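Colleague: Got a minute to go through this model with me? I have the sequence and coordinates open.

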Amino acid sequence: MVVHSDLTGDFSISSLLREAAERCIDISYMEQVAPVIDTPTMSGLWKAEPIRDGLLMSGYDLRHLADFEFATKMEPSVICALLLEGESGPLSIDGYPLIDHKPQRVEVIGFGEPVICRRNCEAGTRARAFGITLRPEFLEQFAEHVDDEGLSPLREFLAPGLHRATLPWSPTIIGMAND
């Protein structure tokens, strides 16, 4: 497994795209204000690392320096996202209601088919978040060791369409994500 460095300091969309490509994360940039993708648009820390086949850990603490729209292509997967601090615009997916991301609430979102997720980022806002992405191949690794009832709730999030649940507030989960 390749270990990647964190992306820290002021960085541009193009540097974020390079880092994402190294990690096989499909993201793209939708131009809004800044006409040059090499102009710094974010400042802070961004990290994404594969933990094992089909399991990705990510986190960031970013201040947006410009207004822009960020788009990510999501393949079938389940994400658990936790906005630890700050503010984040709603997640937009064509054909589905907007998904608001409230601080200190775990959002579990299942993508049963490839979709494009979009989020508007506003200059001057800051967000600190942690996330885990599970892909079908991760669940398949444990299929013979875990009875189907143990994996069925996660598999339901991979059924066709978009599935979402907001978990109850948990100081234990927030504490672990902060570490």
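Colleague: Which residue stands opposite Arg-164 in E11?

Modeller: Ile-109 is the one opposite Arg-164 in E11. Strands and helices here are DSSP runs numbered from the N terminus, with at least two residues for a strand (E) and at least four for a helix (H or I).

Colleague: What should I know about the source?

Modeller: This is a predicted model, where local features need pLDDT of at least 70, side-chain atom pairs count only at pLDDT 80 or more, and totals for chains, interfaces and linings use all residues. Residues are numbered from 1 along each chain as its sequence is written, and side-chain values use heavy atoms, with hydrogens and water left out.

Colleague: How many bridges join E8 to E11?

Modeller: There are 5, and the two strands run antiparallel. E8 also pairs with strand E6 (residues 77-86), in the antiparallel sense over 6 bridges; pairing takes at least two DSSP bridges between the strands. In E8, Gly-110 stands opposite Val-78.

Colleague: Why is E8 largely enclosed by the rest of the structure?

Modeller: Because 6 of the 6 residues of E8 (residues 106-111) are buried, meaning under 20% relative accessible area with a 1.4 Å probe, protein chains only. Val-106, Val-108 and Gly-110 cover one side, and Glu-107, Ile-109 and Phe-111 the other.

Colleague: What is Val-108 in contact with?

Modeller: Leaving aside neighbours within four places in sequence, its contacts (heavy atoms within 4.5 Å) include Val-78, Phe-157 and His-163. Val-108 is also among the residues with the most contacts inside the largest nonpolar core, which has 14 residues. Such a core is a set of buried Ala, Val, Leu, Ile, Met, Phe, Trp, Tyr and Cys residues joined through side-chain atoms within 4.5 Å.

Colleague: Which element gives the most to this core?

Modeller: E6, with 3 residues.

Colleague: Switching to pockets. How much space lies in the largest one?

Modeller: About 1,200 Å³, taken as the space filled by probe spheres set on grid points joined across faces, edges and corners. A pocket is an open set of points on a 1 Å grid where a 1.4 Å probe fits, with protein on both sides within 12 Å along at least five of seven lines; lining residues have an atom within 4 Å of a point. Of the 50 lining residues, Tyr-60, Phe-70, Thr-72, Leu-91 and Arg-119 are closest to the centre.

Colleague: And what is the volume of the second largest pocket?

Modeller: About 220 Å³. E4 gives the most to its lining, with 5 residues.

Definitions and conventions: Buried means under 20% relative accessible area, exposed over 50%, partly exposed in between (1.4 Å probe, protein chains only).
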